Every structure is written in structure tokens, then in C-alpha cells.
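Student: I'd like a close look at one part of this protein and what sits around it. Could you take me through it slowly, residue by residue?

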Amino acid sequence: MRTTGRVWCFGDDINTDLIEPSSAVLLSTAEKARHCFEANRPGWVDLVEPGDLVVAGRNFGTGSSRPAALTLRAAGIAGIIAESVNGLFFRNCVNFAVPALSCPGITGAVTEGDVVSFDPADGSVRNDTTGATLRGRAWAPELIDILDAGGLIRQLESEGLLLEAP
């Protein structure tokens, strides 16, 4: 379950309104992705490549329960590592199969553009550019199962607990 990608750095208290602005809430997921971080990083979405990572400071994803993790995934982000991830946002990451790891010290260990790899199953983080290693908060096995299934809805469907949409 190791995820590797180029890093985009953000600060503390990045809220869901910055990730997915309220003006985009009613748009399709693809259109929401076009507005990702437009208030604080105009043009950022045009620079992101599939498989890139977000590294951020404390309390990443604070705010509303809007599915901003899905918007990040639609923009091409393969995972998130932050000093700390807001609890509600973390659960949205699990539900939408976006690996997100709380890892104290991450902002001091990476620079934008570095290549970083991480594994939510064991909490390991490695800056492949510099060789620095850190340990984040590993996911519980039950959450890894949801990630492996492709998200909560897919897991429930595969277990026969939810009917597939027509």
C-alpha cells in the first residue's frame, strides 16, 4: 500500500473551503477539482500531475464535512501527509480511498518538489529525495481493508452489504 509522489507543500489549518470552495460544491467532481485551492494557490490545479502528494502542517482538512478528499483525488492527488489531519477529513479520506497520514515533523523533512513515499499500514514515511525517514500514525487494519477495497462504498458493495447503483 506504499504511495510515492512529488510533494506540494501547504501550511497549517488548511480548511475544506480552501480545498473545495463553496462556489464549487454543486459542481461535478471533475469540475470541483478544477477549483481546488484556487483561493490560496491560483493555477495550482494546472500544475498537479496524477500521483502527486500534498504535505501540510497541523489540522489539515479542518472545517465542513464536504468531501474535499474526493476533490483532491479528482485533481490527481494520490495521498496526503500532514503534521496532523483533522478527524472528520481523515474519515472522508478513508471513505474515498485517499491515503492520509498524520506524521509529526513532516513539514521540516520535505521541500516542495521532493519525492516522498509513505505507507499508511505501518506509518513509514521516506523522503526519497533526501533519504530522511519519519514515522507517522499507522492506520488500523480495518481502515486498510477499506483503502484496499477502493473506499467504503466499494467495500460494502463487495461484501454484499450495499446494492450497486443501477
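What follows is a walk along the first strand and out to its surroundings.

Tutor: Keep in mind that this is a predicted model. Let's begin with strand E1, which covers residues 3-9. On one side, E1 pairs with strand E5 (residues 115-119) in the antiparallel sense, over 4 bridges. E1 is also joined to strand E2 (residues 52-56), this time running parallel, through 3 bridges. If you want to find the register on your screen, use two pairs of residues. Arginine 6 stands opposite valine 115 in E5, and valine 7 has leucine 53 in E2 as its bridge partner.

Here's a general point to carry along: side chains in a regular strand alternate between the two faces of the sheet.

Now go to threonine 4, which has its place in strand E1. Threonine 4 is partly exposed, with a relative accessible area of 44%. Its contacts, leaving out residues up to four places away in sequence, are Gly51, Leu53, Val115, Val116, Ser117 and Asp128. For a sense of distance, pick glycine 105: 101 residues separate it from threonine 4 in sequence, and the two C-alpha atoms are 18 Å apart in space.

Next comes arginine 6, a good one to spend time on. Which residue does its side chain meet in a salt bridge? The partner is aspartate 52, with 2.6 Å from N to O. Because aspartate 52 lies in strand E2 and arginine 6 in strand E1, this pair ties together parts that are 46 residues apart in sequence. The two ends sit in different surroundings: aspartate 52 is buried, at a relative accessible area of 3%, while arginine 6 counts as partly exposed at 26%.

There's another acid to check around arginine 6, namely aspartate 114. You'll find aspartate 114 in the loop between helix H5 (106-109) and E5. Aspartate 114 is buried yet has no salt bridge. Its nearest side chain of opposite charge is that of arginine 6, and that is 10 Å away. What does the side chain of aspartate 114 make a polar contact with? That would be the side chain of asparagine 127, at 2.8 Å. Aspartate 114 also touches several residues of E1's stretch of the chain, including Gly5, Arg6 and Val7. Others on its contact list are Ala109, Thr129 and Thr130, with residues up to four places away in sequence not counted.

At the end of E1 you reach cysteine 9. The structure holds 0 disulfides. Cysteine 9 is in no disulfide, and the nearest cysteine sulfur, in cysteine 103, is 13 Å away. Cysteine 9 is partly exposed, with a relative accessible area of 23%. Compare cysteine 93, which is buried at 0%. Why is cysteine 93 not bonded to cysteine 36? Because its sulfur is 12 Å from the one in cysteine 36, its closest, which is too far for a bond.

Back to charges for a moment, since the arginine 6 pair has company. The structure holds 8 salt bridges. One of them joins aspartate 17 and arginine 66, whose closest N and O atoms are 3.0 Å apart. Aspartate 17 lies in helix H1 and arginine 66 in the loop between E2 and H3, so this pair ties together parts that are 49 residues apart in sequence. Here aspartate 17 is partly exposed, at 41% relative accessible area, and arginine 66 is buried, at 16%. Another salt bridge brings together the side chains of arginine 126 and aspartate 128, at 3.2 Å from N to O. Arginine 126 is partly exposed at 35%, and aspartate 128 is partly exposed too, at 31%. You've met aspartate 128 before, as one of the residues threonine 4 touches.

Last stop: helix H3, residues 68-75, which is mostly covered. Of its 8 residues, 6 are buried, namely Ala68, Ala69, Leu70, Thr71, Leu72 and Ala75. The cover over those buried residues includes helix H1 (16-19), helix H2 (29-34), strand E3 (77-82) and helix H4 (87-95). Just after H3, glycine 76 takes a positive phi of about 115°.

How values were computed:
Residues are numbered from 1 along each chain as its sequence is written. This is a predicted model: local features need pLDDT of at least 70, side-chain atom pairs count only at pLDDT 80 or more; totals for chains, interfaces and linings use all residues. Side-chain values use heavy atoms; hydrogens and water are left out. Two strands pair if DSSP finds at least two bridges between them. A disulfide is a pair of cysteine sulfur atoms within 2.5 Å. Buried means under 20% relative accessible area, exposed over 50%, partly exposed in between (1.4 Å probe, protein chains only). Contact means heavy atoms within 4.5 Å. Lys and Arg count as positive and Asp and Glu as negative; His and the chain ends are not counted. A salt bridge is a side-chain nitrogen of Lys or Arg within 4 Å of a carboxyl oxygen of Asp or Glu. A polar contact is a pair of N or O atoms within 3.5 Å; within protein, one must be able to donate a hydrogen and the other to accept it, and residues adjacent in sequence count only if both atoms are side-chain atoms.
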